[in-house]
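This report goes through one protein model and its ligand. It covers the ligand shell, the backbone exceptions and the nonpolar cores.

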Amino acid sequence: MTDIYLHHYPMSPFAEKVRLMLGFKQLTWHSVMVPSVSPKPDVVALTGGYRKTPFLQLGNDVFCDTALIADVLEHLAPTPSLYPQGNRGLNRVVAQWADQQLFWGAMAYNFQPAGMQQLFDGAPPDAIKAFGADRGAMSAGMTRVRPADGTSAYKSYLRRLNDMLHEQGAAGQGGAPFLLGTGAPSLADFAAYHAVWFTQHQVPALAGILDATPGVKDWLARMTAFGHGNMVRSKASEAIAASAHASSAGDRNDIKFFGDNELFQNDHGIPLGAAVTVAAESFGTEVTEGILLAATRTRYTLQHTNERAGTVRVHFPRVGYVLKAAA
Ligand SMILES: N[C@@H](CCC(=O)N[C@@H](CS)C(=O)NCC(=O)O)C(=O)O
């Protein structure tokens with residue numbers, strides 16, 4: 001198997017979603033630390049512009065967004081599956097809710113002053129200021145949830161998760177161990193986990209909100225127990241060199257997405273081979289520019305060249321991303 005590099009930082013909830021999937025699948029992986037704020041020269045050398053966290057690298061293939069990374073991990077290590085009952089549609093719908101609604105509600109709660117104080121305890125004032133300015137710029141054009149509204153929503157979401165864990169257990173057995181009631185975790189659990197993990201592990205001063213939903217607390221403990229797999233620390237320079245090496249060796253990882261068949265789905269009137277940009281719809285909309293190599297049912301693949309990383313293929317999910325012809 002090609003070496004897996006995860007580019008991330010400890011505090012990132014979306015990175016925690018992937019770290020836990022790596023643990024669930026008991027994979028060995030290279031951990032590459034990235035800065036939590038821009039500029040990120042080593043990141044964009046590989047991604048061609050995307051700056052969000054995390055991203056996954058296999059040789060000179062770079063996968064952006066945890067929804068796509070989940071597909072890649074499922075492909076690399078099909079067992080244990082993220083879809084134990086094959087219910088991919090339900091899992092993806094719940095995961096999308098968790099990554100959006102639950103995440104932003106939780107973050108509005110987590111980043112209230114008491115949370116910020118705990119997160120940045122001892123950090124130099126300049127670092128706190130830089131973080132605020134960076135996230136402010138990333139949120140341009142977005143309606144950010146206010147802390148009080150976020151708190152109300154988060155409490156409701158936690159109750160809903162608690163209800164899911166209770167309602168789906170076999171009669172008289174006091175609840176299901178995981179969200180979709182299958183007895184095994186699935187993508188939905190990993191997606192719902194990371195925002196709540198942040199409350200419990202990054203801002204424990206605010207974790208009292210979980211006391212009203214003991215089912216969620218027990219589920220969190222079950223999820224945390226999967227761990228992070230076998231992590232090997234690596235430098236960004238090593239990851240970039242691995243890309244350059246794969247690029248010059250002409251390696252093709254042959255990432256095939258099942259059910260996807262690589263068929264061109266042309267919804268934009270942009271031909272393959274065209275110069276394009278891809279950017280997230282919101283929150284961190286920095287563009288990646290490159291040649292459109294593929295636009296399948298599920299993903300876009302762009303190719304760009306960087307003097308340090310060589311020729312890199314960057315993959316994005318279609319959902320949540322904007323494809324445009326380059327100006
Ligand atoms: N939809 C993206 C969301 C990623 C995201 O928003 N990550 C946050 C960190 S948890 C981020 O990028 N923050 C800014 C940064 O790290 O530069 C995914 O699933 O990967």
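Helices (H or I, at least four residues) and strands (E, at least two) are DSSP runs, numbered from the N terminus. On that numbering, Gln26 sits in the loop between helix 1 and strand 2. The model is a predicted one.

**Ligand shell**

The ligand is surrounded by 14 residues, and the closest are Tyr9, Lys40, Thr53, Asp65 and Thr66. Sorted by class, this shell holds five nonpolar, four polar and five charged residues. Helix 1 (13-24) and helix 6 (125-138) each contribute at least two residues to the shell.

Polar side-chain atoms of Lys40, Thr53 and Asp65 pair with ligand atoms as follows.

| Residue | Ligand atom | Distance |
|---|---|---|
| Lys40 | oxygen | 2.5 Å |
| Thr53 | oxygen | 2.6 Å |
| Asp65 | nitrogen | 2.9 Å |

Taken alone, the ligand exposes 500 Å², and the protein buries 92% of that area.

**Cis peptide bonds**

Most peptide bonds are trans, and most residues other than glycine have a negative phi. The peptide bond from Ser38 to Pro39 is cis, with omega near 5°. Pro39 belongs to the loop between strand 2 (28-33) and helix 2 (41-47). Another cis peptide bond links Thr53 to Pro54, with omega about 0°. Pro54 is placed in the loop between helix 2 and strand 3 (55-58). Thr53, which takes part in this cis bond, is also among the residues closest to the ligand.

**Positive phi values**

Gln26 is not a glycine, yet its phi is positive, about 50°. Is Gln26 buried or exposed? Its relative accessibility is 68%, so Gln26 counts as exposed, the cut-off for that class being over 50%.

Phe283 is likewise not a glycine and has a positive phi, of about 55°. This residue lies in the loop between strand 6 (275-280) and strand 7 (288-295). Phe283 counts as buried because its relative accessibility is 15%, and buried means under 20%.

**Ser139 and its contacts**

Phe283 is also one of the contacts of Ser139. Ser139 is located in the loop between helix 6 and helix 7 (147-167). With a relative accessibility of 8%, Ser139 counts as buried. Which residues does Ser139 contact, leaving aside its neighbours within four places in sequence? They are Arg144 and Phe283. The side chains of Ser139 and Arg144 are joined by a polar contact of 2.7 Å. Helix 6, which precedes the loop of Ser139, is also one of the helices that supply residues to the ligand shell.

**Nonpolar cores**

The largest nonpolar core comprises 85 residues, and Leu73, Tyr154 and Trp219 have the most contacts inside it. Helix 8 (residues 187-202) provides the largest share of this core, nine residues.

Leaving aside neighbours within four places in sequence, Tyr154 is in contact with Leu102, Gly105, Ala106, Tyr109, Ala195, Val196, Thr199, Ile209 and Leu210. Apart from the largest core lies another one of five residues, including Tyr5, Val32, Ala239 and Ala242.

Methods
Residues are numbered from 1 along each chain as its sequence is written. This is a predicted model: local features need pLDDT of at least 70, side-chain atom pairs count only at pLDDT 80 or more; totals for chains, interfaces and linings use all residues. Side-chain values use heavy atoms; hydrogens and water are left out. A residue is near a molecule or strand if one of its heavy atoms lies within 4 Å of it. A polar contact is a pair of N or O atoms within 3.5 Å; within protein, one must be able to donate a hydrogen and the other to accept it, and residues adjacent in sequence count only if both atoms are side-chain atoms. Accessible areas come from the Shrake-Rupley method with a 1.4 Å probe; for residues, only the protein chains shown count as cover. Ala, Val, Leu, Ile, Met, Phe, Trp, Tyr, Cys and Pro count as nonpolar, Asp, Glu, Lys and Arg as charged, and the others, Gly among them, as polar. Buried means under 20% relative accessible area, exposed over 50%, partly exposed in between (1.4 Å probe, protein chains only). Contact means heavy atoms within 4.5 Å. A nonpolar core is a set of buried Ala, Val, Leu, Ile, Met, Phe, Trp, Tyr and Cys residues joined through side-chain atoms within 4.5 Å.
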